[in-house]
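Student: Please walk me through reading charged side chains and surface patches in a model.

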Amino acid sequence: GPVTMSAIAAVDTALWDILGKRTGMPVWKLVGGFRDRVPAYASWTLWRHMTNGQLESETADIVRQGFKGMKLRLGGGRSLREDMERAKLVRDTAGPDAALMVDALWGLTATEGVRMARGLGAFLGWLLSTGPWLGLPCRSRSPSCCCVHARNGGWSIRSGDGSPSAG
């Protein structure tokens with residue numbers, strides 16, 4: 001489950017850190033990295049409980065800090081129309097060149113997720129070569145949820161962050 005995976009990740013990270021210290025190499029080089037800089041996106045804010053005014057202010061702050069991409073949380077209680085308005089607000093504030101990714105935080109059924117993905121098409125941007133993505137769309141751990149998305153929108157579906165149990 002999620003707790004076990006988090007524990008494994010912590011041990012894995014510690015082992016890479018130990019190896020890096022013993023060899024005098026940064027971990028990014030040990031794992032095959034060849035760049036000294038990588039693009040990053042803002043993922044600490046733009047939560048679904050925020051008001052539209054807070055979203056606008058936070059988005060402007062993200063842009064001022066120099067981030068080219070950001071993750072917006074949608075789903076989980078608002079109507080699709082409201083979520084589309086919020087995505088448009090963030091897109092308009094961030095500008096056309098910003099990469100906008102969406103995380104639904106397990107707040108949708110498969111059908112709702114497909115509708116959201118289709119509605120978001122005009123607002124999302126690209127981060128590197130990944131294309132637009134919708135993260136954690138479904139309440140269920142079932143792989144069939146992601147399959148429904150893949151068949152109905154061609155979206156990259158992000159999942160596996162330790163989804164909660166269905167129900």
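The dialogue below covers salt bridges, a buried arginine and a surface patch.

Student: What kind of model is this?

Tutor: This is a predicted model, in which local features need pLDDT of at least 70 and side-chain atom pairs count only at pLDDT 80 or more, while totals for chains, interfaces and linings use all residues. Residues are numbered from 1 along each chain as its sequence is written, and side-chain values use heavy atoms, with hydrogens and water left out.

Student: How many salt bridges does the structure hold?

Tutor: Side chains of opposite charge can pair when their charged atoms come close. A salt bridge here is a side-chain nitrogen of Lys or Arg within 4 Å of a carboxyl oxygen of Asp or Glu. The structure holds five. One of them joins D17 and K21, at 2.9 Å from N to O. Both residues lie in helix α1, four residues apart, about one turn of the helix. Helices (H or I, at least four residues) and strands (E, at least two) are DSSP runs, numbered from the N terminus.

Student: Are D17 and K21 buried or exposed?

Tutor: Buried means under 20% relative accessible area, exposed over 50%, and partly exposed in between (1.4 Å probe, protein chains only). D17 is partly exposed because its relative accessibility is 35%; K21, at 64%, is exposed.

Student: Which residue pairs with K71?

Tutor: D103 does, with 3.5 Å from N to O. D103 is in strand β2 (residues 99-103) and K71 in strand β1 (residues 69-73), so the salt bridge ties together parts that are 32 residues apart in sequence. D103 is buried at 4% relative accessibility, and K71 is buried at 11%.

Student: What about R86: where is it, and what is the nearest side chain of opposite charge?

Tutor: R86 sits in helix α4 (residues 80-94). For charge, Lys and Arg count as positive and Asp and Glu as negative; His and the chain ends are not counted. R86 is buried yet has no salt bridge, and D83, the nearest side chain of opposite charge, is 4.7 Å away. Contact means heavy atoms within 4.5 Å. Leaving aside neighbours within four places in sequence, the contacts of R86 include W47, N52 and L72.

Student: Which residues make the nonpolar surface patch?

Tutor: Patches are made of residues with over 30% relative accessible area and no salt bridge; like charges are joined within 9 Å, nonpolar side chains (Val, Leu, Ile, Met, Phe, Trp, Tyr) within 5 Å. Accessible areas come from the Shrake-Rupley method with a 1.4 Å probe, and for residues only the protein chains shown count as cover. V11, L15 and I18 make a patch of about 280 Å². V11 lies in helix α1 (residues 2-23).
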